[in-house]
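Here are a few short exercises to work through with the model open beside you. Try each task before reading its solution.

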Amino acid sequence: MEPSKLTPQDNIVLIGMPGSGKSTIGIVLAKMLNYDFVDVDLVIQQRCDKTLQRLIDAIGPAGFIDVENEVLKSLDFQHTIISTGGSAVYSEEAISHLSNSGTIVYLEVGLPTLEEHLSDFSERGVVMRKEGAMSLYSLYEERVPLYERNADVTVNIDGLSITDAAHKIQEALGL
């Protein structure tokens, strides 16, 4: 789908690394465009009645990815900014569903910026698919190709304020 062909009912789906600003920028973008806003991490927490980290601890990374996949596939919104969890790209079914409901925008941020935003992500509910603790670098190396492959539009927001990032996304989408 070409961004300029967004219809009023189409969603804008934000993907990207933890700490890239999907939720914060998504709220501002929703206000700017008069869209609704949904944070999928909060939807998962509400449906499971646990924080993301407690859910991951209880059912493991693979179990969490299954739950996230089911939640993402069940979403039925229109005219909504959807902030996904950073691990949404692990679920091909979910990404396919999201892609059919709108435009997927990858919020590209460099590793140094993420290191500033995520000094400690042990309680943030970040899914690590590999055994043992993954570094932010290895998580970045694993996920960036998935974000790039699944995005309809990539917007580099490194170093931008929240408002400037939202404006840049709006411009990239031709809205």
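## Helix packing, a tyrosine and the core

H2 and H3 are roughly perpendicular to each other. Keep in mind that this is a predicted model.

**Exercise 1.** Work out how the axes of H2 and H3 cross, and which residues meet there.

*Solution.* Start with the general recipe: two packed helices are described by the angle between their axes and the distance between the axes. The axes of helix H2 (residues 40-48) and H3 come within 10 Å and cross at roughly 110°. Angles of 65 to 115 degrees count as roughly perpendicular, and that is therefore the label for H2 and H3. Next, the handedness: H2 passes H3 in a right-handed crossing. Finally, the residues: among those that meet are Val40, Val43 and Ile44 in H2, with Leu55, Phe64 and Val67 in H3.

**Exercise 2.** Decide whether Tyr140 is buried or exposed, then find its partners.

*Solution.* First locate Tyr140 in helix H6, residues 136-150. Buried means under 20% relative accessible area, so Tyr140, at 15%, counts as buried. Beyond four places in sequence, its contacts include Met17, Leu111 and Leu114. Val109 is also in contact with Tyr140, and the tyrosine side chain reaches the backbone oxygen of Val109 at 3.3 Å.

**Exercise 3.** Find which helix gives the most to the largest nonpolar core.

*Solution.* The core has 52 residues, and Val105 is one of those touching the most other members. Helix H3 (residues 52-74) gives the most, with seven residues. Now follow Val105: including Ile12, Ile15 and Ile169, its contacts lie beyond four places in sequence.

Key. Residues numbered from 1 in each chain as written. Predicted model: local features only at pLDDT ≥ 70, side-chain atom pairs only at ≥ 80, totals over all residues. Heavy atoms only, no water. Helix = DSSP H or I, 4+ residues; strand = E, 2+ residues; numbered from the N terminus. Buried < 20%, exposed > 50% of the residue type's maximum accessible area, 1.4 Å probe, protein only. Contact = heavy atoms within 4.5 Å. Polar contact = N/O pair within 3.5 Å; in protein donor to acceptor, adjacent residues only side chain to side chain. Core = buried A, V, L, I, M, F, W, Y, C linked by side-chain atoms within 4.5 Å. Axes fitted to C-alpha atoms, helices over the stretch in contact; angles between N-to-C directions. Parallel < 35°, antiparallel > 145°, perpendicular 65-115°, else oblique. Left-handed = near helix turned anticlockwise from the far one by under 90°.
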